[in-house]
Amino acid sequence: MDKVEMSRRSLVRLSAAAGIGVAAGAAVGGTPARAADPPILKPLPPELFTVFGTNAETKWEALRDTGALVPVDRFFVRNHTRTPRIDAAAWRLRIHGSGLRRGPVELTYRELRHLPSDTVTAAIECAGNGRGFFTSQQGQTVSGTAWKLGAIGVARWTGVRLSTVLKRAGLSRTAVDVQPVGLDPDFVSGGVNLGPVRRPLPIDKALHDVLLAYEMNGEPLPPDHGFPVRVVVPGWIGISSIKWLGQLEVSAEPLLSPWNTQFYRLFGPTYPAEGELVGRQTVKSAFELPWEGTLSAGRQVLRGRSWSGNGRVRRVEVSTDGRTWRPAERVGAGGAWQRWEYPWHPAPGAYTLRARATDVTGVTQPDTVPHNTLGYLFGAIVRHPVTVV
Ligand SMILES: Nc1nc2c(c(=O)[nH]1)N[C@H]1C(S)=C(S)[C@@H](COP(=O)(O)O)O[C@H]1N2
Ligand SMILES: [Mo]
């Protein structure tokens, strides 16, 4: 991505906006959901999604005829509460905190759309993607949504680099953390109101490749995916990519929220008592097949995808018998994920399909992963059952 020059006109606009005072913590531009609204607004047909309360998992067979990008109609949704309806004309992004050289500033949707834009293709993947396999493959108890492998999607995101917005807002050299805050309703867990969904990002990552996106696959961001503006944090767990962005707290001190202290840490026998912070995603692979699907005997091609938060996928291997592994063939250039195919000629019977990837850093998917109580980062090889008739 190119380094962008500040335009004088936008700078004046921003400094003019700096004079507008806003009460701390006031939600700007959020409108209450209508009583009749479901938690997710887009249609969730059973051929595309498995629904878990306020969340919807993409079915892998629904990705079979898509290209490198996941169309919005089948992109998974993870909502802590519900999709809010937000009026872009009333929306404001409030930027404040001890990590700014001057006072708070506000940005309108129009102003954001006039800043230099950038486009990236990136995955959003829930930290809990694959969580169900801790139980079904490893016999372990975990809490949270029992996703299979469909809590991931790849899209083309267009917006403004977070670094551009922070520099224009008067970023101080003392800033260490940036905390994006969502405009969706407060999250209540076990009867305790934990406030709006928010999680701090270290300043290095915030300035490196984070985008404030207003378009997804060339269209304005859909309501369920964060309209009017969401954060996109390439390679990092989904919770980093805050939807319905309302505030950025820029801090000269490290920030804490329930989403980096209570949740999105690894707790378990092999982890420290205070848990281990989760940042990047692990390497995973999935077949574009129904779970426990039925295939016809004879010559065919198995298709799938592999991906990693560490960068590109270097190698993918497939096993249809649990003993021998053969390389899969790459489809397309790769990037946010690598599509692949594997020719197969099975006789009727029950099979367990396996795919394992190795990423640019040399990490290969293992047979098992250490247990963590919240079920994050299931990067082990998934055993996918199919029946051939
Ligand atoms: N404001 C807000 N942002 C959020 C969430 C949320 O509930 N509220 N969920 C997070 C989680 S846990 C994930 S995995 C991704 C999901 O993004 P998607 O629904 O667009 O697929 O959004 C993240 N951003
Ligand atoms: Mo998530």
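**View 1. Two domains make up the chain of this predicted model.** Domain 1 spans 8-277 and domain 2 spans 284-388. These bounds come from an automatic or database domain assignment. The C-alpha centres of the two domains lie 28 Å apart. Across the boundary, 41 residues of domain 1 are in contact (heavy atoms within 4.5 Å) with 29 residues of domain 2.

**View 2. Ligand 1 sits in the largest cavity.** A cavity is a set of points, on a 1 Å grid over the protein atoms alone, where a 1.4 Å probe fits but cannot get out. To sit in one, a molecule needs more than half of its atoms within 2 Å of its grid points.

**View 3. A shell of 20 residues surrounds ligand 1.** Phe76, Asp184, His225, Arg230 and Lys243 come nearest. A residue is near if one of its heavy atoms lies within 4 Å. The shell divides into 10 nonpolar, 6 polar and 4 charged residues. Gly counts as polar here.

**View 4. Polar contacts of ligand 1 (pairs of N or O atoms within 3.5 Å).** A nitrogen atom of the ligand is 2.6 Å from an N or O atom in the side chain of Asp184. A polar side-chain atom of Arg230 lies 2.7 Å from a ligand oxygen atom. A polar backbone atom of His80 is 2.8 Å from an oxygen atom of ligand 1. Taken alone, ligand 1 exposes 530 Å², and the protein buries 100% of that (Shrake-Rupley method, 1.4 Å probe).

**Notes.** Residues are numbered from 1 along each chain as its sequence is written, chains are lettered from A and ligands numbered from 1 in written order. In this predicted model local features need pLDDT of at least 70, side-chain atom pairs count only at pLDDT 80 or more, totals for chains, interfaces and linings use all residues, and side-chain values use heavy atoms, without hydrogens and water.

Technical notes: A polar contact is a pair of N or O atoms within 3.5 Å; within protein, one must be able to donate a hydrogen and the other to accept it, and residues adjacent in sequence count only if both atoms are side-chain atoms. On a 1 Å grid over the protein atoms alone, a cavity is a set of points where a 1.4 Å probe fits but cannot get out, and a pocket is an open set with protein on both sides within 12 Å along at least five of seven lines; lining residues have an atom within 4 Å of a point.
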